[in-house]
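Below are my comments on the model you sent, set out as numbered points. Please read them with the coordinates open beside the text.

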Amino acid sequence: MGVEVSVEGLTKSFGSQNIWRDVSLTLPSGEVSALLGPSGTGKSVFLKTLIGLLHPEQGSVIIDGTDITQCSAKELYEIRKLFGVLFQDGALFGSMSLYDNIAFPLREHTKKKEDEVRRIVMEKIDLVGLAGAEDKLPGEISGGMRKRAGLARALVLDPQIILCDEPDSGLDPVRTAYISQLLIDINAQIDATILIVTHNINIARTIPDNIGMLFRKELVMFGPREQLLTSEQPVVKQFLSGDRFGPIGMSEEKDEAVAAAEAAMQAAGISGGGTKDDFTEIIPQVQPNPGMPERKAVGRHRQRVLELLPSLPANAQQAIRESMAMEDEVLATKRAHEQGQGQAGAAEWTTATATAPGSVAVADAPTDVYDFGGNDAPTQQWETPADAPTEQVDTTKKPRHGDGRS
Ligand SMILES: Nc1ncnc2c1ncn2[C@@H]1O[C@H](COP(=O)(O)OP(=O)(O)OP(=O)(O)O)[C@@H](O)[C@H]1O
């Protein structure tokens, strides 16, 4: 099971520049969490603080019983072995082949023989769809491929905690969906605790169990994904919609005069350019691919959230109940088809879950072999049986109010 990361009262500055203060949150073991926030609010700094690359002035980060802000260098070295980190730019060594980049943590942190290193490296290369590219240098491949090589490297030590800094940056929407799906599949396979830093609203809506947001040097909130998506806080609403009108400005926070000018523009019907999507309408979370185990964290998350429920705002409670009902429906469909109809069921399940934004619409794929195609695509092939149902199951349908568990 993944390891819980407990952050208490964390404050970080560079010289006189305070980045954030008094940040407290817990990344529950095996759950997937996302951290949002405008550019420059210190999300990457937060990630680096969690692995002890940066040192906070105050607060603690407890991992596996050790406060990594206070421990010895030797203890920190050991704790770091629990982590797999995908840095924003992939952070690959430019002079090393992808193979050597991915093998690096194994050679650095273990005494494994080269044939064992090869087995693990090739397994991870295959997992991220880079088979055949292992001899290339980072400079010879696309940004998307570098990202996936960075993820492969993050996975070689079978991490119990995976930190991903903007796994989607530089990727097209389809590759973003694949890498998001990969993270969910990995979570299902190894039950690792995952934190994803992202600006991608589709990822935030469909991948994490929990979401947090940094703004104005503080953690605005951290809780079940439905809590943030239904939040009435202006900064959250503005961030989700991508509107220029609101508390988030181009650089620093807006002053009263700017806010008043914006209010006047809005009153005059001038658009702030944001989407009109209704984020309070919860859409299903992306599920592990067919053939993957069910995510063990789902039950633990549900238990935790049910205990938390009475303390949450009414609209968050409602959204969580609806979300749980949807999840039950989707899982019941999956299990029924897996038991009753074998492979065809798995294909229908794929169709059902793929209709959610952030998923890949397999239903539209050719019915024989679904090949991701392109030299930047995972090489894995997806077989859809000839007798697979073609009709889509509507998982975006909202359950009746009160259907959810309480
Ligand atoms: N090593 C460092 N020394 C000094 N300042 C730093 C250092 N690392 C980051 N900063 C500053 O900390 C602030 C937060 O940076 P960070 O990269 O964490 O933001 P972010 O929220 O991840 O932004 P983005 O979404 O644009 O990636 C920035 O003002 C940055 O200049």
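1. Which residue in E9 stands opposite leucine 35? The partner is glycine 212, and one position further along, leucine 36 faces methionine 213, likewise in E9. These positions belong to the parallel pairing of strand E3 (residues 32–36) with strand E9 (residues 210–215), which is made through four bridges. Please keep in mind throughout that the model is predicted.

2. On its other pairing, E3 runs parallel to strand E8 (residues 193–197), and four bridges join the two. Within that pairing, valine 32 stands opposite isoleucine 194 of E8. Five of the five residues of E3 are buried, so the strand is largely enclosed by the rest of the structure. In a regular strand the side chains alternate between the two faces of the sheet. Here both faces are covered, with Val32, Ala34 and Leu36 buried on one side and Ser33 and Leu35 buried on the other.

3. The sheet that holds E3 is open and has six strands, in the order E6-E7-E8-E3-E9-E10, with mixed pairing. Strand E6 (83–86) and strand E10 (218–224) stand at its edges, and because each has a single partner strand, one side of each is left without a neighbour in the sheet. Neighbouring strands of this sheet are turned against each other by 15° on average, if direction is ignored. Helix H5 (residues 143–155) packs on the sheet, where it touches E6 and strand E7 (161–165), and the direction of H5 makes about 170° with that of E6.

4. H5 also takes part in a helical packing that deserves a look. Helix H3 (residues 98–109) has as its buried residues Leu98, Tyr99, Asn101, Ile102, Ala103, Pro105 and Leu106. These buried residues of H3 pack against helix H4 (114–127) and against H5. As background, an α-helix has 3.6 residues a turn, so residues three or four places apart point the same way.

5. A second open sheet, of four strands, has the order E2-E1-E4-E5 with antiparallel pairing. Its edge strands are strand E2 (17–27) and strand E5 (66–67), each of which pairs on one side only. Between them in the order, strand E1 (residues 5–14) and strand E4 (residues 58–63) pair in the antiparallel sense over five bridges, and one of the positions to inspect is serine 6, whose bridge partner in E4 is isoleucine 62. H1 packs on this sheet, touching E1, E2 and E4, and its direction makes about 120° with that of E1.

6. Which residues surround the ligand? The shell consists of Phe14, Ile19, Gly37, Ser39, Gly40, Thr41, Gly42, Lys43, Ser44 and Val45. Helix H1 (residues 43–50) supplies the largest share of this shell, namely three residues. By class, the shell divides into three nonpolar, six polar and one charged residue. The helix that makes this contribution is also the one that packs on the four-stranded sheet, in contact with E1, E2 and E4.

7. The domain assignment divides the protein chain into domain 1 (5–229) and domain 2 (234–267), whose C-alpha centres lie 31 Å apart. The contact between the two takes eight residues from domain 1 and six residues from domain 2. On the side of domain 1 that touches domain 2, the residues comprise seven nonpolar, no polar and one charged.

8. Is leucine 331, in helix H12 (residues 314–354), buried or exposed? Leucine 331 has 14 other C-beta atoms within 10 Å, and because burial requires 20 or more while 12 or fewer would make a residue exposed, leucine 331 counts as partly exposed. Glutamate 294 is 37 residues away from leucine 331 in sequence, yet the two are 9.2 Å apart in space, C-alpha to C-alpha.

9. Finally, some totals for the chain as a whole. The protein chain contains 12 helices and 12 strands, and of its 406 residues 43% count as buried. Among the contacts with a separation of 6 or more, 70% are accounted for by residues 24 or more positions apart.

Conventions. Residues are numbered from 1 along each chain as its sequence is written. This is a predicted model: local features need pLDDT of at least 70, side-chain atom pairs count only at pLDDT 80 or more; totals for chains, interfaces and linings use all residues. Two residues are in contact if their C-beta atoms, placed from the backbone, lie within 7 Å. Two strands pair if DSSP finds at least two bridges between them. Axes are lines fitted to C-alpha atoms, for helices over the stretch in contact, and angles run from 0 to 180 degrees between N-to-C directions. A residue is near a molecule or strand if its C-beta atom, placed from the backbone, lies within 6 Å of it. Ala, Val, Leu, Ile, Met, Phe, Trp, Tyr, Cys and Pro count as nonpolar, Asp, Glu, Lys and Arg as charged, and the others, Gly among them, as polar. Domain bounds come from an automatic or database domain assignment.
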